[in-house]
Amino acid sequence: MCSCEEPRWGWGRCDPSPILLLSLLSAAPFGLLGEETRQVSLVVIPSNVGPPQNLLHIRAVGTNSTLHYVWSSLGPPAVLLVATNTPHSILSVNWSRLLSPEPDGGLMVLPKDSIQFSSALVFTRLFEFDSTNSSDAEAKPPGKPYPPYLLAEFSWNNITDSLDPATLSATFRGHPNHDPTGAFANGSLAFRVQAFSRSGRPAQPPRLLHTMDTCQLEVALIGASPRGNRSLFGLEVATLGQGPDCPSLREQHSINDEYAPAVFQLDQLLWGSLPSGFVQWRPVAFSQKQGSRESALPCQASPVYPTLAYLVPQSPIVRAFFGSQNNFCVFNLTFGASTGPGYWDQYYLSWSMLLGVGTPPVDALSPLVLGIMVVALGAPGLMLLAGGLFLLLGPKRYSEYQPIN
């Protein structure tokens with residue numbers, strides 16, 4: 001496939017093999033195909049019980065289907081992914097039940113028999129490690145662990161204040177309810193959610209290719225005081241498996257690093273056969289708001305492993321939609337290394353992922369790479385063609401030899 005100096009993170013120089021070149025060339029046209037037209041909306045569902053609650057609904061309506069993404073910071077931050085086979089499916093919320101100790105049935109997508117796929121992601125813990133005395137990049141954990149921050153015990157802003165209909169985005173911004181060390185006195189953890197009304201790429205790296213079938217999450221840790229001189233941070237993510245199996249974590253390699261310099265890898269979490277859900281990210285985070293190669297940090301993902309439901313902090317929206325009997329799986333993400341740039345540079349860390357339902361977007365080869373490949377592969381052919389034409393059409397030479405009758 002691809003020989004890289006640091007293949008685990010997809011960093012460094014990459015020498016593509018002929019097989020990879022051919023596979024990318026054959027896949028490129030499919031990445032250029034248009035997606036189904038969808039009407040995309042992003043709204044906050046108002047609560048009719050007590051104070052406002054953070055429940056954000058993204059609805060993408062197509063000709064024969066509807067995609068629902070329901071984000072909430074009730075409990076730990078979480079998102080539901082639901083796909084239906086009708087353009088008329090709706091989200092139904094029973095606030096009294098959703099906010100009760102037994103929220104089962106408090107959130108539904110109707111009609112129920114139209115649901116083709118459903119799952120969820122729950123962001124449960126923010127990890128911190130002291131990597132000062134850690135020289136082993138393969139170490140797990142990558143340094144001395146501090147007590148994790150439980151995201152179910154965070155206070156979050158009113159999502160309505162950050163809602164931007166023009167960009168179809170909103171931001172959940174929070175800090176711990178109990179912060180005895182004052183680490184978050186001037187800091188926050190933000191989850192910025194964005195939907196898309198057309199296909200394209202964001203302006204900032206890693207510039208993941210999005211469609212109307214997807215939405216993007218950017219996680220940013222800003223201004224929080226680390227508990228170590230060279231602290232590394234991580235994120236625990238729980239998800240629902242389909243049946244007894246966990247989603248699979250796969251790596252894709254590319255010869256194109258135009259959108260995330262020096263990163264040739266795309267990681268994907270896949271929930272089995274279509275129609276299904278997926279999560280995509282490049283194994284890179286950034287220690288500056290204006291992401292660049294100089295501020296890039298490696299992002300490591302652990303294998304996905306099953307866990308017991310009672311070990312996962314309860315998300316009311318997940319419990320309300322799926323009930324109490326679920327098969328949970330967990331994986332961890334770790335950002336940065338003990339050497340190189342890190343959170344300690346500017347007290348900033350950001351990482352982005354794309355989630356959706358259906359076929360994941362396919363990266364096509366950029367015009368720049370296609371031009372280089374045409375020149376590299378076409379030049380020898382042109383030289384051979386020119387040589388052949390010269391031999392056929394060039395001036396003919398006659399020998400001075402005269403045959404004897």
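In the predicted model, phenylalanine 321 has a relative accessible area of 17% and is therefore buried, the limit for this class being under 20%. Phenylalanine 322, at 23% relative accessibility, counts as partly exposed. The rings of phenylalanine 321 and phenylalanine 322 form an edge-to-face aromatic pair, with 4.8 Å from centre to centre and 75° between the planes.

By the rule applied to ring pairs, the count comes to 13 aromatic pairs. An edge-to-face arrangement is also found for phenylalanine 154 and phenylalanine 184, whose ring centres are 5.8 Å apart and whose planes meet at 80°. This pair links distant parts of the chain, its two members being 30 residues apart. Phenylalanine 154 belongs to strand E12 (residues 154–156), while phenylalanine 184 is located in the loop between strand E13 (169–176) and strand E14 (188–195). Both phenylalanine 154 and phenylalanine 184 are buried. Ring pairs further join these two residues with Phe123, Tyr149, Trp156 and Phe191 into a cluster.

Phe123 also appears in the largest nonpolar core, which has 57 residues. Together with Tyr69, Trp71 and Leu355, Phe123 is among the residues with the most contacts inside this core. Strand E24 (residues 348–357) supplies the largest share of the core, namely five residues. For tryptophan 71, when neighbours within four places in sequence are left aside, the contacts include Phe123 and Leu355, as well as Leu55, Leu56, Ile58, Phe172, Val193 and Leu217. Asn54, Ala78, Val79 and Cys215 are likewise in contact with tryptophan 71. A second, separate core consists of 23 residues, including Val70, Ala238, Val312 and Phe328.

At the surface, Leu382, Leu385, Leu389, Leu392 and Leu393 make a nonpolar patch of about 580 Å². Leucine 382 lies in helix H4, which spans residues 367–393. With a relative accessibility of 59%, leucine 382 counts as exposed because the value is over 50%.

Considered as a whole, the chain contains four helices and 24 strands. Of its 405 residues, 50% count as buried. Among contacts with a separation of 6 or more, 66% are accounted for by residues 24 or more positions apart. The accessible surface of the chain comes to about 19,900 Å², and carbon and sulfur atoms account for 57% of this area.

Conventions:
Residues are numbered from 1 along each chain as its sequence is written. This is a predicted model: local features need pLDDT of at least 70, side-chain atom pairs count only at pLDDT 80 or more; totals for chains, interfaces and linings use all residues. Side-chain values use heavy atoms; hydrogens and water are left out. Buried means under 20% relative accessible area, exposed over 50%, partly exposed in between (1.4 Å probe, protein chains only). Contact means heavy atoms within 4.5 Å. Accessible areas come from the Shrake-Rupley method with a 1.4 Å probe; for residues, only the protein chains shown count as cover. A nonpolar core is a set of buried Ala, Val, Leu, Ile, Met, Phe, Trp, Tyr and Cys residues joined through side-chain atoms within 4.5 Å. Patches are made of residues with over 30% relative accessible area and no salt bridge: like charges are joined within 9 Å, nonpolar side chains (Val, Leu, Ile, Met, Phe, Trp, Tyr) within 5 Å. A salt bridge is a side-chain nitrogen of Lys or Arg within 4 Å of a carboxyl oxygen of Asp or Glu. Rings of Phe, Tyr and Trp (its six-membered ring) pair if their centres lie within 6.5 Å; planes under 30 degrees apart count as stacked, over 60 as edge-to-face and the rest as tilted.
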